[in-house]
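Biologist: I'd like to know what stands behind the words you use for a protein model. Can we go through one together?

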Amino acid sequence: MKKIIIAIDGHSSCGKSTMAKDLAREVGYIYVDSGAMYRAVTLWALRQNYFNGNEINTEALEKDMPGISITFRLNDETRLPETYLNDENVEKEIRSLEVSSHVSPIATLPFVREALTRWQQQLGAEKGIVMDGRDIGTAVFPEAELKIFVTASAEVRAQRRYDELKAKGMEASYEDILQNVKERDYIDSHRAMNPLRQADDAIVLDNSELTIAEQKQWLLDKFHATIQHS
Ligand code: CDP
C-alpha cells in the first residue's frame, strides 16, 4: 500500500503525541516526536550552563550542534520510542518542567531549527511516518498528504500535563504548568522562523471534549480517507 506522511501540529500539551503514537502503532508507521528533539537540545544547553537568566550562550551552542546526536530507540517493554542524547536515554529528563520552561527560547534559534529540520526530513525520506510538532505541516513536510492541527483550551491542556507528570511520579504544580503552557504558546506563535501556525490545508481538531479513544478513532478515519484518495 502507498505510504504517506502525516503531520500533526498544534499547541503545547494538547495530546498530539498520544494521538500520533497511537496512529503510528496502529498502521505500522514510524513515529517521530520533533518536540523531543528541541527538548534534548535544551537539556544539553542546561547541562552546559548556557542559560544566564533570559540570555543563551548561542555562540557556544552553535559550535556544539554538529556534535549533538539525537536518536530514538524502542523500549523493549513498552514498545514506545525513547529519546537518546548522545546515546544516553533522556526520555524522562526532557519532560521535566525545567526543560519545558527553557525549550521555547531554544526553539527560536535559526541554527537549531535548521539542524533539526534537516534531521527530521531525513527521517521522513521514505514516508510511512507520523511526526508531531509545531511546524511539521508548514516547514518540515509542506507536501505531507495528511495534516492535522490540534488544539484545546489552555486549562484543559495544563490539567492533562499535570496528570501526566503526576502519573510519572514527577513534581508538578498546576498553576506553574498553566503559566508555562501559555508562555510557550505565545513564544511558539510569535517567533520569526517557522512559527506555530495552521497550514492552509490542515484539518483542525479541537479535542477539549474528546476522550483518547474518540480522538484515536477520529484520526484513524482521516488516515483511511486520505489513503483511499491518494
Ligand atoms: O509536549 P508539548 O506539546 O508540550 O511540547 P513538545 O511537542 O514536546 O515541544 C516542546 C517545545 O519545542 C515547543 O513548545 C516548541 O517551542 C518547540 N518545538 C518547535 O519549535 N517545533 C517543533 N516542531 C516541535 C517543538
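**Pockets, cavities, cores and loops**

Biologist: Let's start with the largest pocket: how does its lining divide by class?

Modeller: Its lining has 22 charged, 14 polar and 11 nonpolar residues. Asp, Glu, Lys and Arg count as charged, Ala, Val, Leu, Ile, Met, Phe, Trp, Tyr, Cys and Pro as nonpolar, and the others, Gly among them, as polar. Keep in mind that this is a predicted model: local features need pLDDT of at least 70, side-chain atom pairs count only at pLDDT 80 or more, and totals for chains, interfaces and linings use all residues. Residues are numbered from 1 along each chain as its sequence is written, and side-chain values use heavy atoms, with hydrogens and water left out.

Biologist: What makes a space a pocket and not a cavity?

Modeller: We lay a 1 Å grid over the protein atoms alone: a cavity is a set of points where a 1.4 Å probe fits but cannot get out, while a pocket is an open set with protein on both sides within 12 Å along at least five of seven lines. A residue counts as lining if it has an atom within 4 Å of a point. By that rule, 47 residues line the largest pocket, and Ser17, Lys21, Arg95, Arg161 and Glu164 lie nearest its centre. Helix 1 (residues 16-27) gives the most to this lining, with six residues.

Biologist: How do you know what counts as helix 1?

Modeller: Helices are DSSP runs (H or I, at least four residues) and strands are too (E, at least two), numbered from the N terminus.

Biologist: And what is the volume of the largest pocket?

Modeller: About 1,100 Å³. Grid points are joined across faces, edges and corners, and the volume is the space filled by probe spheres set on the points. The second largest pocket comes out at about 270 Å³.

Biologist: How does the lining of the second largest pocket divide?

Modeller: Into 12 nonpolar, four charged and one polar. Tyr29, Ile30, Tyr31, Leu74 and Pro81 lie nearest its centre, and strand 5 (70-74) supplies the largest share of the lining, five residues.

Biologist: How many cavities of 30 Å³ or more does the structure hold?

Modeller: Three. The largest holds about 50 Å³ of space, and strand 9 gives the most to its lining, with three residues. The second largest holds about 40 Å³. Arg95, Arg161 and Arg184 are among the residues lining that second one, and helix 8 provides the largest share, four residues.

Biologist: What makes a set of residues a nonpolar core?

Modeller: They must be buried Ala, Val, Leu, Ile, Met, Phe, Trp, Tyr or Cys residues joined through side-chain atoms within 4.5 Å. The largest core has 37 residues, and Val41, Leu61, Ile70, Leu85, Ile106 and Val112 touch the most other members. Helix 2 gives the most to this core, with nine residues.

Biologist: Which residues does Val41 touch?

Modeller: Not counting residues up to four places away in sequence, Val41 touches Leu61, Met65, Ile70, Ile106, Val112 and Leu116. Contact means heavy atoms within 4.5 Å.

Biologist: Why is helix 2 called largely enclosed by the rest of the structure?

Modeller: Buried means under 20% relative accessible area, exposed means over 50%, and partly exposed is in between (1.4 Å probe, protein chains only). In helix 2, 12 of the 14 residues are buried, so the helix is largely enclosed. Arg39 and Trp44 are among those buried residues.

Biologist: How do you know that the span of helix 2 agrees with what it should be?

Modeller: The expected span is 1.5 Å times one less than the number of residues. For the 14 residues of helix 2 that should be 20 Å, and the end C-alpha atoms are 20 Å apart, so the two agree.

Biologist: What is the phi of Asn49?

Modeller: Positive, about 60 degrees, although Asn49 is not a glycine. Most residues other than glycine have a negative phi. Asn49 sits in the loop between helix 2 and strand 3 (51-52). Asn86 also has a positive phi, near 45 degrees, and lies in the loop between strand 6 (81-85) and strand 7 (88-89).

Biologist: Are Asn49 and Asn86 buried or exposed?

Modeller: Asn49 has a relative accessible area of 65%, so it is exposed. Asn86, at 32%, counts as partly exposed.
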